[in-house]
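Please look over the sequence and the model below before reading on. The paragraphs that follow take up helix packing, then two details of the backbone, and then the empty spaces inside the protein.

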Amino acid sequence: MEIGSKWRLVAIATLVLAALTLVACGGDDDDENGDEPAVEVEQFPANTTMGEIQEAGEITIGVKFDVPPFGFNNPESGEVEGFDVDLGRYIAERLGVEPVFREATSDNRIPLLVDGTIDLILSTMTITEERDLEIDFSEPYYVANGDILVPEGSDIAGIEDLDGERVCTALGSTYQATIKEEAPDADLRLIDRYSECLELIQTDAIDAISTDDVILTGMVIEDDTLEILGIEYTTEPYGAGVPEGDTEFKQFVDESVAEFIDDGTWQERYDEWVGQYIPEEQIQGPPDITLKEALKLFPLE
């Protein structure tokens, strides 16, 4: 089976699972069936962020729309799907509200959170001390690695080979600084959405893409003429972004992430969205790095 076909089948399977879940939970108010809610929802005080979200009946979550397998707008279903999206749905379920997903790129996700447009960021966002000045982070929920994507047959074999080459990455990403440091003579092309990088490499307008390996995996799923070098030259722990100083909401999100991991949902979603598409030796489990340790990986200059 072609990789693209497998990806479509995964998306269809996800929709079927979601539909079955809705059917199963649709009778929660009917005590005759003896069905229990999937998650026991705690009612929070009205003066907390959680209480305000419960009063509104929805939580607005910033995710990426163009980085399968973590957040992408499925053209067949018209729905936003992926690992980050599933974590967002999990958090919404613990609040007993509906998730509303809004596109949040590497460059605009923090401004969207700071101005209150979104309540939470789940947008493949690496935890850094610089970002921590503007927002707060949850404990890490995933650890990616920096890598490079090239067309088959490329002479690029490592980060040092990017000097003099046309390299694409996202504006506002950690790679904007990393590539300038590691390959100062690279011709760096900064874009808003990673889907633009994919289009550029497919049309020979650039020579390489550098970003998180899991994002590059999604590109290979879409186009198997591309290959990931597998050099893993950075460690990129992902955290959920919450408003600065909202300690109660951060604690709730931390507890949600911990439960997502402890009840096995993390591994199920990882196997569905990531594990089946990568070599066996690269398959990983839940992160074992703490927020404090993650912040030290990207200290302030």
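A good place to begin is a pair of helices in this predicted model, namely helix α3, which covers residues 83–95, and helix α10, which covers residues 265–273, packed with their axes 10 Å apart and at an angle of about 150°. An angle over 145° counts as roughly antiparallel, and α3 and α10 are therefore roughly antiparallel to each other. The crossing in which α3 passes α10 is right-handed. On the side of α3 the residues that meet the other helix are Phe83, Asp86 and Tyr90, while α10 brings Thr265, Trp266, Arg269, Tyr270 and Trp273 to the meeting. Sorted by class, the contact of α3 with α10 has 5 nonpolar residues, 1 polar residue and 2 charged residues.

The description used here carries over to other pairs, because two packed helices are described by the angle between their axes and the distance between the axes. Helix α3 also packs with α9, and here the axes come within 10 Å and cross at roughly 115°. Once again the crossing is right-handed as α3 passes α9. The contact is made by Phe83, Asp86, Leu87, Tyr90, Ile91, Arg94 and Leu95 of α3, together with Phe252, Val253, Glu255, Ser256, Glu259 and Phe260 of α9. By class, this contact of α3 with α9 has 8 nonpolar, 1 polar and 4 charged residues. If you compare the lists, you will find Phe83, Asp86 and Tyr90 of α3 in the contact with α10 and also in the contact with α9.

How are α2 and α9 oriented to each other? Helix α2 (residues 49–56) and helix α9 (residues 247–262) pack with their axes 8 Å apart and at an angle of about 75°, and they are therefore roughly perpendicular to each other. The residues that make this contact are Thr49, Met50 and Ile53 of α2 and Glu248, Phe249 and Phe252 of α9. Their classes are 4 nonpolar, 1 polar and 1 charged. Phe252 of α9 thus appears in the contact with α2 as well as in the contact with α3.

Two details of the backbone can be picked out in loops. In the loop between β2 (66–67) and β3 (71–73) lies Pro69, which is joined to Pro68 by a cis peptide bond with an omega of about 10°. The other detail concerns Asp204, found in the loop between α7 (194–202) and β11 (208–212), where this residue has a positive phi of about 60° although it is not a glycine.

We can now turn to the spaces within the protein. The structure holds 2 cavities of 30 Å³ or more, and the largest of them contains about 60 Å³ of space. Of the 14 residues that line the largest cavity, Arg109, Thr124, Ser173, Tyr194 and Asp212 are the closest to its centre. The lining of the largest cavity has 3 nonpolar, 6 polar and 5 charged residues. The second largest cavity has a volume of about 40 Å³, and its lining is made of Lys64, Asp66, Thr105, Ser106, Ala170, Asp192, Arg193 and Tyr194. By class, these residues divide into 2 nonpolar, 2 polar and 4 charged. Tyr194 lines the largest cavity and is also found in the lining of the second largest cavity.

Besides the cavities there are pockets, and the second largest pocket holds about 670 Å³ of space. Which residues lie nearest the centre of the second largest pocket? Among the 26 residues of its lining, these are Thr128, Glu130, Thr174, Ala177 and Phe298. Three helices, α4 (109–114), α5 (129–132) and α6 (175–182), each supply at least two residues of the lining, and α6 gives the most, with 5 residues. The lining of the second largest pocket divides into 10 nonpolar, 8 polar and 8 charged residues.

Definitions and conventions:
Residues are numbered from 1 along each chain as its sequence is written. This is a predicted model: local features need pLDDT of at least 70, side-chain atom pairs count only at pLDDT 80 or more; totals for chains, interfaces and linings use all residues. Side-chain values use heavy atoms; hydrogens and water are left out. On a 1 Å grid over the protein atoms alone, a cavity is a set of points where a 1.4 Å probe fits but cannot get out, and a pocket is an open set with protein on both sides within 12 Å along at least five of seven lines; lining residues have an atom within 4 Å of a point. Grid points are joined across faces, edges and corners, and a volume is the space filled by probe spheres set on the points. Ala, Val, Leu, Ile, Met, Phe, Trp, Tyr, Cys and Pro count as nonpolar, Asp, Glu, Lys and Arg as charged, and the others, Gly among them, as polar. Axes are lines fitted to C-alpha atoms, for helices over the stretch in contact, and angles run from 0 to 180 degrees between N-to-C directions. Helices (H or I, at least four residues) and strands (E, at least two) are DSSP runs, numbered from the N terminus. Angles under 35 degrees count as roughly parallel, over 145 as roughly antiparallel, 65 to 115 as roughly perpendicular and the rest as oblique. A crossing is left-handed if the near helix is turned anticlockwise from the far one by less than a right angle, and right-handed if clockwise. Contact means heavy atoms within 4.5 Å.
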